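Student: I have a protein model open in front of me, and I would like to learn how to read it. Could we go through it together?

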Amino acid sequence: MLPYLDAAYNLARWLAHDDADAQDVVQEAMLRALRYFDSFHGGDARVWLLAIVRNTFYTLRAKMPQDAFHATLDDEAHPLIDEGPSPETLTLLAVDVGALQAALEHLPPPLREVIVLRELEECSYKEIAAITEQKIGTVMSRLARARERLKAELTCRPKEVRRHDVR
């Protein structure tokens with residue numbers, strides 16, 4: 001599981017919006033992964049761990065008051081660097097990183113998690129479906145809506161505050 005610790009933290013960080021909360025989620029998820037390792041029957045360990053992280057986040061969030069999860073974001077903790085960028089990623093990288101992070105923050109959690117898993121963690125549709133326990137069609141639909149919302153958010157800003165135009 002250790003090779004996937006960064007991916008687990010990245011997903012937890014985007015879901016929790018706070019470094020300390022993300023660390024708590026990952027720690028609890030790793031404990032659960034260890035505790036229930038006998039239920040892992042092969043396959044993709046990364047997908048299995050990310051599903052545990054996601055489920056742990058939602059379980060812990062359900063137990064906490066709504067304002068317990070903070071909304072701060074450290075710009076330097078999660079640079080958006082992709083060594084084999086998809087066309088969507090290239091478009092997103094052309095935009096001011098701060099604007100992109102703000103736009104991601106405005107997405108509802110179901111849309112934010114699929115875009116983070118696809119574009120930042122480079123999961124396939126099949127892997128995202130397994131992590132989120134959704135049908136591939138639902139994943140594709142959510143991803144399309146997330147991209148449209150991001151595009152609308154990033155292109156509707158006044159020209160004087162945009163660094164790059166997205167077309």
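Tutor: Happy to; this is a predicted model, and below we take it one question at a time.

Student: Let's begin with helix α1, residues 5-16. How far apart are its end C-alpha atoms?

Tutor: Start from what we expect: α1 has twelve residues, and at 1.5 Å a residue it should span 16 Å. The model agrees with that expectation, because the end C-alpha atoms of α1 are separated by 16 Å.

Student: How many residues of α1 are buried?

Tutor: Buried means under 20% relative accessible area. The residues of α1 that pass include Trp14, Leu15 and Ala16. Helix α1 is largely enclosed by the rest of the structure, since the number of its twelve residues that are buried is nine.

Student: Which helices do the buried residues of α1 pack against?

Tutor: Among the buried residues of α1 are Ala7, Ala8, Asn10 and Leu11. The partners that the buried residues of α1 pack against are α2 (19-35), α3 (45-63), α5 (97-106) and α6 (109-120).

Student: What phi does His17 take?

Tutor: Look just after α1, where His17 sits. The phi of His17 is positive, at about 65 degrees.

Student: Now the inside. Which helix gives the most to the largest nonpolar core?

Tutor: That core has 41 residues, and Val53 and Ile115 have the most contacts inside it. At least two core residues come from each of α1, α2, α3, α5, α6, α7 (125-132) and α8 (136-155). With nine residues, the helix that gives the most to this core is α3.

Student: What is Ile115 in contact with, leaving aside its neighbours within four places in sequence?

Tutor: Ile115 is one of the two residues with the most contacts inside the core. Leaving aside neighbours within four places in sequence, Ile115 is in contact with Leu104, Leu107, Leu120, Leu143, Ala146, Arg147 and Leu150.

Student: Is Gln27 buried or exposed?

Tutor: Gln27 has its place in helix α2. The cut-off for exposed is over 50%. Because its relative accessibility is 53%, Gln27 counts as exposed.

Student: And how far is Gln27 from Val53, going by C-alpha atoms?

Tutor: Along the chain, Gln27 and Val53 are 26 residues apart. In space, the separation of their C-alpha atoms is 9.2 Å.

Student: On to charges. Which residue forms a salt bridge with Arg13?

Tutor: The structure holds five salt bridges. Arg13 counts as buried at 2% relative accessibility, while its partner is partly exposed, with a relative accessible area of 25%. The closest N and O atoms of the pair are 2.7 Å apart, and the partner of Arg13 is Asp19.

Student: How many residues apart in sequence are Glu119 and Arg147?

Tutor: Their side chains meet in a salt bridge of 2.6 Å, N to O. Glu119 lies in helix α6 and Arg147 in helix α8, so the bridge ties together parts whose separation in sequence is 28 residues.

Student: Is Arg147 buried or partly exposed?

Tutor: Compare the two ends of that bridge: Glu119 is buried, with a relative accessible area of 7%. At 22% relative accessibility, Arg147 counts as partly exposed.

Student: Which residue forms a salt bridge with Arg46?

Tutor: Arg46 is buried, with a relative accessible area of 14%, and its partner is buried too, with a value of 18%. The closest N and O atoms in this bridge are 3.9 Å apart, and the partner of Arg46 is Glu127.

Student: What backbone nitrogen does the side chain of Glu127 reach?

Tutor: Glu127 is found in helix α7. Leaving aside neighbours within four places in sequence, Glu127 is in contact with Asp44, Arg46, Val47 and Glu122. At 2.8 Å, the side chain of Glu127 reaches the backbone nitrogen of Ser124.

Student: One last puzzle. Glu121 is buried yet has no salt bridge, so which side chain does it join in a polar contact of 2.4 Å?

Tutor: Glu121 is found in the loop between α6 and α7. The nearest side chain of opposite charge, Arg46, is 4.0 Å away from Glu121. Not counting residues up to four places away in sequence, Glu121 touches Ala7, Asn10, Arg46 and Val116. The side chain that Glu121 joins in the 2.4 Å polar contact is that of Asn10.

Notes. Residues are numbered from 1 along each chain as its sequence is written. This is a predicted model: local features need pLDDT of at least 70, side-chain atom pairs count only at pLDDT 80 or more; totals for chains, interfaces and linings use all residues. Side-chain values use heavy atoms; hydrogens and water are left out. Helices (H or I, at least four residues) and strands (E, at least two) are DSSP runs, numbered from the N terminus. The expected span of a helix is 1.5 Å times one less than its number of residues. Buried means under 20% relative accessible area, exposed over 50%, partly exposed in between (1.4 Å probe, protein chains only). Contact means heavy atoms within 4.5 Å. A nonpolar core is a set of buried Ala, Val, Leu, Ile, Met, Phe, Trp, Tyr and Cys residues joined through side-chain atoms within 4.5 Å. Lys and Arg count as positive and Asp and Glu as negative; His and the chain ends are not counted. A polar contact is a pair of N or O atoms within 3.5 Å; within protein, one must be able to donate a hydrogen and the other to accept it, and residues adjacent in sequence count only if both atoms are side-chain atoms.
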